[in-house]
Amino acid sequence: MISITSAELNYLIFRYLNESGFTHSAFALGYEAGINKSTIDANLVPPGALVTFIQKGIQYLELEANLSTDDLDTDEDFQFLHPLDLITKDVVELRKIIKDKKENIQKDKGKGKEKEIIVNGREHDRAVAMEKDKELAREKENERQQREKEKERDRERIEKEKERERDRERIEKEKERERIEKEKERDRERAEKEKEKEKEKGKEKEKPFEDTSDANNIGDEINGRFEENGTNTGPEPMDICPSLASLPCEIPDSDVTVLEGHTSEVFACAWNPTGSLLASGSGDSTARIWTVEGPSSSNIENEPSNVVLRHFKGRTNEKSKDVTTLDWNVDGTLLATGSYDGQARIWSRTGDLISTLNKHKGPIFSLKWNKKGDFLLSGSVDKTAIVWDVKTGEWRQQFEFHTAPALDVDWRNNTSFATCSTDSMIYVCKVGENRPIKSFQGHQGEVNAIKWDPTGSLLASCSDDSTAKIWTMKQDTCLLDLREHSKEIYTVRWSPTGPGTNNPNQQLVLASASFDSTIKLWDVEAGRLLQSLDGHRDPVYSVAFSPNGEYLASGSLDKCMHVWSVKEAKIVKTFSGNGGIFEVCWNKEGDKIAACFANNVVCVLDFRM
């Protein structure tokens, strides 16, 4: 309903008194009512406006009767009128104004827009303008938040690309160095006579076996020198010539099952500890659980079945969902996967997603179950490690000690664990403790991997500084400093032998795999190098001991997987694929080896001697 303000009414009376000749009365009213401060435009108010306004009031009854038959609609009709319209317009003009505005509203509604037009003086106009300003501000805020989200996603993508580019550059540099060294070697060989080369080769083949025969006799002397000087001065390690070892022992195609399905490189694989299931993780944003039963010859016609564990919703090219690591719990009922999107996921052995663990702010590079199976441990590029409560699906504790990305994690027992990072530090932490219970400092480069021995008393680490080190909780400095590699060491593995294993009467051995294309076997108790396994031509990314500890599988960027006799330090089986190998692993029976390749496949090799 239209209303008139007291200021407007005072002005109409002031005009009426002036126009009627009541000058003194008009002056008194104008002074007391502050007419001189009024914002009303005198040009818009016609002479005799007060009388006209009163006449319009009388005409209201006619309007009320004629504009509409509904009392509610009458009030709505008058909402379209301005007070001055009642003074300056006759009934016909007022009806036309109301009719036109109603038609405009109907047109807007027909277009699907619901607008409310209420003209109620300057106050209403200001309210509408303020509401529009608020809406515009809300839209701008939403746009700003959306831009921030896009920037965050871009930063994550850029960080991921930088990390991957860094890995590629490092691999390419190593390959380039290898090519240069090989070219130099070929130049030197061309300068020699063919007969002299043949004689030299014969000497090199005989020499390692002569050296090895004396290794055990002088072990104590070597150990003493190692303790004094920190350097191994023992016999030359055994050199294995691939041309001798690989040709007679090539694994035939009939003993190989090729698992196809991934559409990008396969980074990780792991056998279920209790059955014939094999899990694989790939850059195609999926993991797969394969059922591999019987010998490979039986799988030629009937390809092994697999379940696809998708790590994305919608687009299949989301590279941020690369599956980088995976691990089965000890009883083989649950599979954990880590991804570039910073999320860990837990799946059933049938491929059902049980829980998604979301707290990391960067890619997950390492993921491990404790033996009890109640905690899952993850390490991330965001510089933190997190212990997850598997039963609740929630994070139990986040450990924020590193100053750079965490590269590897490993449980010591059910409640304590170690972490390593590109900041060159190693920390031993315990669930419930807010500070590390031990800090190990000594590496001069990125620490790539760590691994506790079977008893949890010794921790092995390897680094870009070309050294492997052995640490103990009893002291702050390293117990052993193993310096035989000439380039970065990518990973280390303990043999499943010695105290705390199923093979307690066998010697405990540590294997280290390096970008110098070799694998070193170490006698940690004596602190000396046992053997150097020199059969690969490119960096070695993965090594794995057989369950009985007698054999070691190795996978390299040279596309070859070798199986070595640990005792004899020679290749007993070999397989050549069509892409670099990122990981190798044995099944629990020790009769099958899985290898994941850069050409999108997983190969399962039957092993029998």
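**Entry 1: a sheet**

I looked up an open sheet of four strands in this predicted model. I read its order as E1-E32-E31-E30, and the pairing is antiparallel. Which strands are at the edges? I found strand E1 (256–259) and strand E30 (581–586) there, and each pairs on one side only. From one strand to the next, the twist averages 20°.

I then followed E30 to its partner. How many bridges join E30 to strand E31? There are five, and E31 covers residues 592–597. The two strands run antiparallel. I picked out Val-584 and found that its bridge partner in E31 is Ala-595.

**Entry 2: the largest nonpolar core**

I noted that nonpolar side chains in soluble globular proteins tend to be buried together. The largest nonpolar core here has 19 residues. Which residues have the most contacts inside the core? I wrote down Met-561, Val-563 and Trp-586.

Next I listed the elements that give two or more residues to this core. They are strand E27 (551–556), strand E28 (560–565), strand E29 (570–576), E30, E31 and strand E32 (602–606). E30, E31 and E32 also belong to the sheet of Entry 1.

I took Val-563 for a closer look. Leaving out residues up to four places away in sequence, Val-563 touches Trp-586, Ile-593 and Phe-607, among others. Its contacts also include Tyr-551, Leu-552, Ala-553, Lys-570, Ile-571, Val-572 and Lys-573.

**Entry 3: helix H1**

I checked the length of helix H1 (residues 6–20). At 1.5 Å a residue, its 15 residues should span 21 Å, counting one less than the number of residues. The end C-alpha atoms are 21 Å apart, so the two values agree.

Which residues of H1 are buried? I recorded Tyr-11, Leu-12, Phe-14, Arg-15 and Leu-17. For reference, residues three or four places apart in an α-helix point the same way, because a turn has 3.6 residues. Just after H1, I saw that Gly-21 takes a positive phi of about 90°.

**Entry 4: cysteines**

I searched for disulfides and found zero. Why is Cys-269 in no disulfide with Cys-585? The sulfur of Cys-585 is the nearest cysteine sulfur, but it is 3.5 Å away, and a disulfide needs the two sulfur atoms within 2.5 Å. Cys-603 is in no disulfide either; its nearest cysteine sulfur, that of Cys-596, is 9.9 Å away.

Are Cys-269 and Cys-603 buried or exposed? Buried means under 20% relative accessible area. Cys-269 is at 3% relative accessibility, so it counts as buried. Cys-603, at 4%, therefore counts as buried too.

Conventions
Residues numbered from 1 in each chain as written. Predicted model: local features only at pLDDT ≥ 70, side-chain atom pairs only at ≥ 80, totals over all residues. Heavy atoms only, no water. Pairing = 2+ DSSP bridges. Axes fitted to C-alpha atoms, helices over the stretch in contact; angles between N-to-C directions. Core = buried A, V, L, I, M, F, W, Y, C linked by side-chain atoms within 4.5 Å. Buried < 20%, exposed > 50% of the residue type's maximum accessible area, 1.4 Å probe, protein only. Contact = heavy atoms within 4.5 Å.
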